[in-house]
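Student: Could you take me closely through a single part of this model, and connect what you describe into one picture?

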Amino acid sequence: MSALSLSTLPERVKVCEMGPRDGLQNEPGIVPAADKIRFIDMLSATGLGVIETTSFVRPNAIPQLTDAEEVMAAIDRRPGVTYLCLAPNMRGLDRARAAGVRAIAVFTAASEAFAKRNINMTIDESLATFSGVVKTARAEGMWVRGYVSTAFGCPYEGRVPVENVVRVASALAEMGVDEISIGDTIGVGTPNQVVDVAGALQAQMPVERLAMHFHDTRGTALANVVAALQMNVEIFDSSAGGLGGCPFAPGATGNVATEDLLYMLHGMGIATGVDLERVRDASRFMAGVLGREVASRTYRALEADACRVPA
Ligand code: COA
Ligand code: ZN
C-alpha cells in the first residue's frame with residue numbers, strides 16, 4: 001500500500017484565517033481601520049469558522065495593529081464565527097475583554113532567542129504570565145488558543161529540538177489552553193520534520209487540540225500540510241492571499257495562502273465549509289488596498305481565468 005493513503009486522511013479540516021493579524025501586521029504600511037473592517041467582514045461571509053482579527057499588544061511592538069479596539073467595535077460579528085485576538089499578558093486580556101472579545105490567543109516560542117525578541121520574556125516567564133491570563137480568560141468562558149512559534153527552526157538559534165516544542169506545547173495544554181497551534185514561523189520545515197513533531201506531540205495530547213501553522217517562505221507549506229494530514233492533524237492556519245510574515249523574523253513570507261490550502265484540500269475530497277471564491281474576493285479587495293499583487297498561486301490562477309477573453 002502506498003504511504004500516502006487517502007482513505008486515512010481526515011474527512012474535514014478546520015481552517016483558521018490569519019490574514020487580518022499575521023498578514024497585516026507585517027505590511028510596511030499601516031492599513032486604515034476601515035479597510036481592515038471591510039476585509040474582516042468579507043472573510044466572515046466565506047464560511048470560515050475562525051478569523052484571527054487583531055492583537056492587543058504593546059502599540060509600539062506592532063504599530064500596524066494599534067487600532068484593535070476600533071476594529072473590534074466595528075466589525076459585523078457573525079454567529080458561528082470565532083474572532084480570535086492575541087493577548088500576551090493581563091493588560092492585553094483586559095483590553096480584549098473591554099472590547100467584547102470572546103476568544104484570545106497567547107503566544108510564545110520553542111526557542112529562547114525568539115521569545116525574547118517577540119514578547120520580551122524567557123519561555124518560562126511567558127508560561128508563568130500566560131497561566132494567569134488563561135485562568136482568568138477560561139473562568140470568564142473565553143475560548144483560548146496557544147501558539148508555539150519557531151517550532152521548526154529559529155531565525156536566531158537555527159535548529160530547534162523536538163523536545164523543546166513538546167515541552168512548551170505540553171505546558172500550554174496543562175494550563176487549559178483549548179487549542180495549540182504549532183508554528184513554522186520562518187517557513188523552514190520539511191514534511192519529515194512535521195511527521196516527527198506531530199508524532200511527538202500526539203504522545204502528549206489529543207490530536208483534536210493540535211493545529212499547524214505553516215509559512216511558505218521556502219515553498220514547503222502545502223507539502224507540510226499533507227504530511228500533517230497523514231498524522232491526522234485536522235486544523236490548519238492560513239492567510240487570505242498568502243498575506244503576511246513576521247516583524248521579528250526577517251525575510252519570512254506569509255502563511256500558506258488560504259486559497260491554495262482550500263484548493264488542495266477540496267481537490268483531495270476534504271471538506272472545509274469555506275467558499276474559495278469568496279476568500280478570493282476578500283484577497284482581491286486587500287490587494288487593491290495594498291496596491292500590489294498577493295502571493296497566493298491559486299488566487300493568481302483564478303484571477304487569470306477571470307480576465308480571460310472567451311474565444
Ligand atoms: N497592550 C498595550 N500596552 C501594553 C501591553 C498590552 N498588551 N502590555 C504592556 N503594555 C505597555 C505597558 O502598559 C507599559 O507601558 P508604560 O511604559 O506606558 O507603562 C509598557 O507596555 C511596557 O510594559 P511591559 O510589561 O514591560 O512589557 P514589555 O515591554 O516587556 O513588552 C509585550 C511585552 C509582550 C507586551 C510586548 O513585547 C508585545 O506586545 N509583544 C507582541 C509582539 C507581537 O505581537 N508579535 C507578533 C505575534 S507572533
Ligand atoms: Zn505566523
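Tutor: Donors are here N, O and S atoms within 2.8 Å of the metal, and because water is not among the atoms, a site may look incomplete. With that in mind, and remembering that this is a predicted model, consider the zinc ion (ligand 2), which is coordinated at 2.1 Å by D22 through OD and by H213 and H215, each through NE2. Along the chain, the donors of this zinc ion (ligand 2) follow the spacing D-x190-H-x1-H. D22 belongs to helix α1 (residues 19-23) while H213 belongs to strand β7, so this pair ties together parts that are 191 residues apart in sequence. D22 and H213 are both buried.

From H213 one can move on to the strand pairing, since strand β7 (residues 210-214) pairs with β8 in the parallel sense over three bridges, with A211 standing opposite I235 in β8. Between these strands, the chain passes from β7 through helix α9 (residues 221-230) to β8, in a β-α-β crossover that is right-handed.

Strand β8 also pairs with strand β1 (residues 14-17), to which four bridges join it in a parallel arrangement, and there E17 stands opposite S238 in β8. In a regular strand, side chains alternate between the two faces of the sheet. In strand β8 (residues 235-238), I235 and D237 point one way, whereas F236 and S238 point the other way, and all of these residues are buried.

Terms used
Residues numbered from 1 in each chain as written. Chains lettered and ligands numbered in written order. Predicted model: local features only at pLDDT ≥ 70, side-chain atom pairs only at ≥ 80, totals over all residues. Heavy atoms only, no water. Buried < 20%, exposed > 50% of the residue type's maximum accessible area, 1.4 Å probe, protein only. Helix = DSSP H or I, 4+ residues; strand = E, 2+ residues; numbered from the N terminus. Pairing = 2+ DSSP bridges. Right-handed = clockwise from strand over helix to strand, strands pointing away. Donors = N, O, S within 2.8 Å, 3.2 Å for Na, K, Ca; no water.
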